[in-house]
Amino acid sequence: MLTGKVALVTGAGRGIGRGIALKLAEYGADVIVNYNGSEEKAKEVVCEIEKMGRKAIAVQCTVADYEACGKMIDDMIKEFGHIDILVNNAGITRDNLVVKMTETDFDEVIQTNLKGTFNTIKHMYRPFIKQRSGRIINLSSVSGILGNAGQANYAASKAGVIGLTKSVARELASRNITVNAVAPGYIDTDMTQAMTDSAREAVLSQIPLKRAGTPEDIAETVAFLASDKAGYITGQVLSVDGGMAI
Ligand code: NDP
């Protein structure tokens, strides 16, 4: 389904990003495994992808740094020849009620989740336009759709990702480039492990399908959006949340 394609997945050393990187490789893509702090884990993902017979490289870069994103993308295009699929998965939380939230909590989340998504998209604009093809898939969140008490910074960043996705989709549609967002609900990863047991139970009780999602659930959706099968889908936000946002 993705043979001959090269994918850049941000934050691919662990969690949902890891699941996406492995799934894209399983469907035939070569994968650029971006990480920020998790070097060892990113290298393990590279090993797993190589075992599938695909090419992979781990590359350190914080998506919050505009210049660093530009360098990563230039270097990787030199290394792989082209990038066909950009998955903006890197994300952080700094949860607190606004009354206790610091300015730094707000700024850091926006800088990584929203500006980081802009940074990679901006640097892929020219290569994608030159190729007259490309797929961009951005990770939003159910919090960006519904809002969530204690996550004003995070929900704002993820709602921002939706606006960014739809705007860029309009800008790039005439160049045969599709841009979509995936909005996960509650997925079992390090991010959600940080919640207290009672908070987790409260969230689980709100999921119509009565279970937490897995990185695999998200990865399959991303792989579909990255494939030729999704060639007529752009500017959409696909909720993969067990029905949370119904
Ligand atoms: P995790 O906390 O498990 O992992 C976060 C990932 O983001 C890590 O790979 C981390 O890399 C990477 N990352 C964080 N900051 C940066 C940065 N500045 N530059 C590059 N990479 C960075 O999160 P999840 O896997 O759960 O989440 C993945 C995405 O899905 C996020 O965008 C999140 O907001 C979204 N999401 C998750 C949900 C969930 O329930 N888990 C629900 C809705 C959305 P490293 O370890 O190398 O620092």
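How many residues surround the ligand, and which are the closest?

## Ligand shell

This is a predicted model. In it, 30 residues surround the ligand. The closest are R14, S38, N89, Y154 and T189.

By class, the shell splits into 15 polar, 12 nonpolar and 3 charged residues. Four helices and strands each supply at least two shell residues: α1 (15–26), β2 (30–35), α6 (152–172) and α7 (190–193). Helix α7 gives the largest share, with 3 residues.

## Polar contacts and cover

Two backbone contacts come from V63 and N89. A polar backbone atom of V63 sits 3.0 Å from a nitrogen atom of the ligand. A polar backbone atom of N89 lies 2.7 Å from a ligand oxygen atom. N89 is also one of the closest shell residues.

K158 uses its side chain instead. An N or O atom there is 2.8 Å from an oxygen atom of the ligand. On its own, the ligand has 880 Å² of accessible area, and the protein covers 94% of that.

## R200 in helix α8

R200 belongs to helix α8, which spans residues 197–204. Is R200 buried or exposed? Its relative accessibility is 16%. The cut-off for buried is under 20%, so R200 counts as buried.

The R200 side chain reaches the backbone oxygen of M195 at 3.2 Å. Neighbours within four places in sequence aside, R200 is in contact with Y186, T192, Q193 and M195. M195 therefore appears both in this contact list and as the partner of the R200 side chain.

How values were computed
Residues are numbered from 1 along each chain as its sequence is written. This is a predicted model: local features need pLDDT of at least 70, side-chain atom pairs count only at pLDDT 80 or more; totals for chains, interfaces and linings use all residues. Side-chain values use heavy atoms; hydrogens and water are left out. A residue is near a molecule or strand if one of its heavy atoms lies within 4 Å of it. A polar contact is a pair of N or O atoms within 3.5 Å; within protein, one must be able to donate a hydrogen and the other to accept it, and residues adjacent in sequence count only if both atoms are side-chain atoms. Accessible areas come from the Shrake-Rupley method with a 1.4 Å probe; for residues, only the protein chains shown count as cover. Ala, Val, Leu, Ile, Met, Phe, Trp, Tyr, Cys and Pro count as nonpolar, Asp, Glu, Lys and Arg as charged, and the others, Gly among them, as polar. Buried means under 20% relative accessible area, exposed over 50%, partly exposed in between (1.4 Å probe, protein chains only). Contact means heavy atoms within 4.5 Å.
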